[in-house]
Amino acid sequence: MRKKITILILILVLSMFAYLSVFLVSTWESLMYNLSRPDRQHLVWSGILNILSNRSVQLVALIMVSMLTASTTLTFQTLTKSRILTPAVIGFDSIFIMIQTTLVFFFSSVPNLYLDPILNFIISFLIMTSLSIFIYLSVLRKHRNNIVFLLLLGLIISTLASNYVNLLQVLMEPETFQTVQALTTVSVVNIEVSLVWLSIPLAILIMFFLFKKNHVYDVMLLGEEVSKNLGIDYNKESIKNLVLISLAVSLTTALVGPLSFLGLIAVNISIELFKDYKHKNLYIFSSLLAAIVLIFGQSIIELTGFRSTVTTLISFVGGVYMMILILKENRA
């Protein structure tokens, strides 16, 4: 157990080092040239320190998002009894784009409502949280084990949101449309520093609660009837966790955009590699793996000149992996 965690931590440290220093590769010649000139050396060092400071904050955000995504995915799979589902099955990416488009279209006379990063973040977080809690508590609580129903519900929500967004975008002016594109293209490279520090307290509370309840989730994994016989208030615990999942997914989506398949990849690889079903261990394994995948993936994207985004890369790999999982479950 300790040896496995140590190996993952070492890989994570290497990934963090790569992420902090990857910008040096693209600017190496310019840095060497400026450092050779005494009149520019102080500017170069101050610039490097400023970049490292910003990337350190981005690194904190990546680790926080990875831990929340992996932990909530594991908890959601425990509640639904399915390894192929994630909380993002409801279509948070489409809901996020719908919120931004609505704000720009209907409140163009109050630009600070969506151009102010903190205000936009708070509005998006509150709306997504409210919608997800309503969906989880009114619908998923009764159909959490019906995989087809959950996938169908997510498809319907995504389709309705996409059609609504397309309708508004057709009616928009070109300048307004560009504003929507800028707002919906959320990534780790344009994270607002203040949002990271604003999100950390809530993220710590969510992680603390999930980790504290790991023994309860071990029992809930055995099923509703067994859990009740062993003294667990299954319905009450399910409601609490659905609310926490809603908060966490809304927080990560508003902060760095949709990461639908990151949790799916991290949790399932953790189960396959470590053959452990205790939530206490899986929270640690999957969180470390998610952080490695996200940080290492972002480093690759930057080395290739930002030809794509890390969310696109993870979605592609995660989509293929999800198909493999579905085929494996069908054979079983």
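# A walk around an all-helix model

Let's start with Ser-270, which sits in helix α14, the stretch covering residues 262-274. Bear in mind throughout that this is a predicted model. Is Ser-270 buried or exposed? Its relative accessibility is 0%, so Ser-270 counts as buried. The side chain of Ser-270 does have a polar partner, though: it reaches the backbone nitrogen of Ser-286 at 3.3 Å. Setting aside neighbours within four places in sequence, the residues in contact with Ser-270 are Lys-275, Leu-282, Phe-285, Ser-286 and Leu-289.

The helix around Ser-270 is worth a look too. α14 is mostly covered, with 10 of its 13 residues buried. Besides Ser-270, the buried set in α14 includes Leu-262, Gly-263, Leu-264, Ile-265 and Ala-266, and it carries on with Val-267, Asn-268, Ile-271 and Phe-274. As for its length, the 13 residues of α14 should span 18 Å at 1.5 Å a residue, and the end C-alpha atoms are indeed 18 Å apart, so the two figures agree. Right after α14 comes Lys-275, which has a positive phi, near 50 degrees.

Now for Thr-69, which belongs to helix α4 (residues 41-80). Thr-69 counts as buried because its relative accessibility is 9%. Which residues is Thr-69 in contact with, once neighbours within four places in sequence are left aside? They are Thr-252, Leu-259, Leu-262 and Gly-263. Two of those names should ring a bell, since Leu-262 and Gly-263 are among the buried residues of α14.

## The first helix

Helix α1 takes in residues 2-21, 20 residues in total. From first C-alpha to last, α1 reaches 28 Å, close to the 28 Å expected at 1.5 Å a residue. Its buried residues are Ile-5, Leu-8, Leu-12, Ser-15 and Tyr-19. These cover an arc of only 85 degrees around the axis, so they lie on the same side of α1. Over on the other side of α1, the exposed residues are Arg-2, Lys-3, Leu-10, Leu-14 and Phe-17.

Two of the α1 residues deserve a closer look. Tyr-19, from the buried set, has the charged end of Arg-55 sitting over its ring, 4.2 Å from the ring centre. Leu-14 is from the exposed set, with a relative accessible area of 60%. Leu-14 and Ile-292 are 278 residues apart in sequence, yet 9.1 Å apart in space, C-alpha to C-alpha.

A comparable case turns up in helix α16 (residues 310-331), where Met-323 lies. Met-323 counts as exposed because its relative accessibility is 56%. The C-alpha atoms of Met-323 and Ile-84 are separated by 8.8 Å, with their positions 239 residues apart along the chain.

## Aromatic pairs

How many aromatic pairs does the model have? The count comes to four aromatic pairs. In one of them, the rings of Phe-105 and Phe-106 have centres 4.9 Å apart and planes at 80 degrees, so the pair is edge-to-face. Another is formed by Phe-121 and Phe-125, and this one is stacked, at 6.3 Å centre to centre with 10 degrees between the planes. Phe-121 and Phe-125 share helix α7 (residues 117-143), where they are four residues apart, about one turn of the helix.

How covered are these four phenylalanines? The table sets them out.

| Residue | Relative accessibility | Class |
|---|---|---|
| Phe-105 | 27% | partly exposed |
| Phe-106 | 47% | partly exposed |
| Phe-121 | 6% | buried |
| Phe-125 | 13% | buried |

The edge-to-face partners, Phe-105 and Phe-106, are each partly exposed, whereas the stacked partners, Phe-121 and Phe-125, are each buried.

## Stepping back

What about the protein as a whole? Its secondary structure comes to 16 helices and zero strands. Of the 332 residues, 46% count as buried. And of the contacts with a separation of 6 or more, 78% are made by residues 24 or more positions apart.

Terms used. Residues are numbered from 1 along each chain as its sequence is written. This is a predicted model: local features need pLDDT of at least 70, side-chain atom pairs count only at pLDDT 80 or more; totals for chains, interfaces and linings use all residues. Side-chain values use heavy atoms; hydrogens and water are left out. Rings of Phe, Tyr and Trp (its six-membered ring) pair if their centres lie within 6.5 Å; planes under 30 degrees apart count as stacked, over 60 as edge-to-face and the rest as tilted. Buried means under 20% relative accessible area, exposed over 50%, partly exposed in between (1.4 Å probe, protein chains only). A charge sits over a ring if NZ of Lys or CZ of Arg is within 6 Å of the ring centre and within 35 degrees of the ring normal. The expected span of a helix is 1.5 Å times one less than its number of residues. The arc is that of the directions from the helix axis to the C-beta atoms. A polar contact is a pair of N or O atoms within 3.5 Å; within protein, one must be able to donate a hydrogen and the other to accept it, and residues adjacent in sequence count only if both atoms are side-chain atoms. Contact means heavy atoms within 4.5 Å.
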